[in-house]
Amino acid sequence: MKARLYVIPASHPSLGAELMLRHKGIDYKRTDLMPVISKLVLRGMRFPRNTVPAMKVDGRRIQGSREIARELDRLRPEPPLFPADAERRAAVEEAERFGDEQLQHPVRQLLWWSIKKDRSPLRSYSEGAHLGIPIDLALATAAPIVALSARFNEASDENARRALATLPAMLDRIDAWIAAGVLNGEQPGAADFQIAPSLGLAMTLDDLRPAIESRPAGELAKRLVPDYPGRTPPILPPAWLQPLRSATASA
Ligand SMILES: N[C@@H](CCC(=O)N[C@@H](CS)C(=O)NCC(=O)O)C(=O)O
């Protein structure tokens with residue numbers, strides 16, 4: 001089997017796809033793309049959409065973290081990413097969909113909002129990346145990429161503040177899935193590989209880590225993504241963080 005995964009370094013769904021490949025023991029090569037440029041490259045390679053993760057396996061193109069999970073289970077059924085029991089599978093699929101459709105984007109918006117304010121943490125997110133040009137050059141010319149990424153992801157003040165306000169309820173939901181055994185079971189599955197990287201990325205923000213790390217959701221992230229690359233010092237306005245801090249204090 002010949003597999004190549006296209007990622008943006010430190011992208012959370014990209015890391016999820018990579019963890020699933022490793023979990024399956026599938027040999028793969030990785031191509032790192034710069035944000036924004038990735039859109040052109042993926043279109044040029046005739047992928048149907050312009051987001052990572054995208055994977056070529058034996059000449060076929062599979063795109064999207066959830067599509068990749070299913071393809072990997074088809075290609076190599078063991079260890080399975082989904083439970084065999086229909087009811088348990090439906091619960092895992094619901095958590096996985098939540099991770100993709102509800103959790104991923106606010107975390108992405110908070111990261112781009114922060115990087116737009118101060119680009120200096122960008123180097124830490126590029127750790128281990130092979131972008132085809134020297135990292136120093138990539139960082140020195142990153143301003144337009146950051147501006148466009150923030151724009152494409154609608155990382156406005158209003159949306160960043162809204163993203164923060166949605167986090168407490170989402171963290172409660174993840175903790176409840178963990179308590180119910182849907183997430184963070186003995187064998188990690190597709191929903192764990194979907195959700196843990198978003199939590200891991202959120203925890204690279206010093207503003208968010210204290211609200212996540214000591215709860216079950218944080219344990220899941222520390223177990224599956226203990227070395228998430230990147231670190232952003234405090235930057236979010238304290239007033240915006242209030243809902244998250246009050247929820248943490250009352251937990
Ligand atoms: N939710 C989808 C899409 C993922 C997505 O939006 N990926 C982002 C990176 S985290 C992307 O490719 N953005 C394009 C860019 O930054 O230029 C999935 O899980 O596959």
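A polar contact is a pair of N or O atoms within 3.5 Å; within protein, one must be able to donate a hydrogen and the other to accept it, and residues adjacent in sequence count only if both atoms are side-chain atoms. The model is predicted: local features need pLDDT of at least 70, side-chain atom pairs count only at pLDDT 80 or more, and totals for chains, interfaces and linings use all residues. Residues are numbered from 1 along each chain as its sequence is written, and side-chain values use heavy atoms, with hydrogens and water left out.

**Exercise 1. Find the polar contacts between side chains and the ligand.**

Step 1. Start at aspartate 100. An N or O atom of its side chain is 2.6 Å from a nitrogen atom of the ligand.

Step 2. Go to glutamine 104. Here a side-chain N or O atom lies 2.8 Å from an oxygen atom of the ligand.

Step 3. Add serine 38. A polar atom of its side chain is 3.5 Å from a ligand oxygen.

Step 4. Check the cover. Alone, the ligand has 520 Å² of accessible area (Shrake-Rupley method, 1.4 Å probe), and the protein covers 86% of this area.

**Exercise 2. Describe the shell around the ligand.**

Step 1. Take the residues near the ligand (a heavy atom within 4 Å of it). There are 16, and Val36, Val52, Ser65, Asp100 and Gln104 come nearest.

Step 2. Sort by class. Six are nonpolar, seven polar and three charged. Ala, Val, Leu, Ile, Met, Phe, Trp, Tyr, Cys and Pro count as nonpolar; Asp, Glu, Lys and Arg as charged; the others, Gly among them, as polar.

Step 3. Assign elements. Helices (H or I, at least four residues) and strands (E, at least two) are DSSP runs, numbered from the N terminus. H4 gives the most to the shell, with three residues.

**Exercise 3. Locate the aromatic pair of tyrosine 6 and phenylalanine 47.**

Step 1. Search the whole structure. Three aromatic pairs turn up. Rings of Phe, Tyr and Trp (its six-membered ring) pair if their centres lie within 6.5 Å; planes under 30 degrees apart count as stacked, over 60 as edge-to-face and the rest as tilted.

Step 2. Classify this one. Tyrosine 6 and phenylalanine 47 are edge-to-face, 5.8 Å centre to centre with 65° between the planes.

Step 3. Place both. Tyrosine 6 is in strand E1 (residues 3-7), and phenylalanine 47 is in the loop between H2 and strand E3 (54-57), 41 residues apart.

**Exercise 4. Inspect the backbone at proline 53.**

Step 1. Read omega. Valine 52 and proline 53 are joined by a cis peptide bond, with omega about 5°.

Step 2. Place proline 53. It lies in the loop between H2 and E3.
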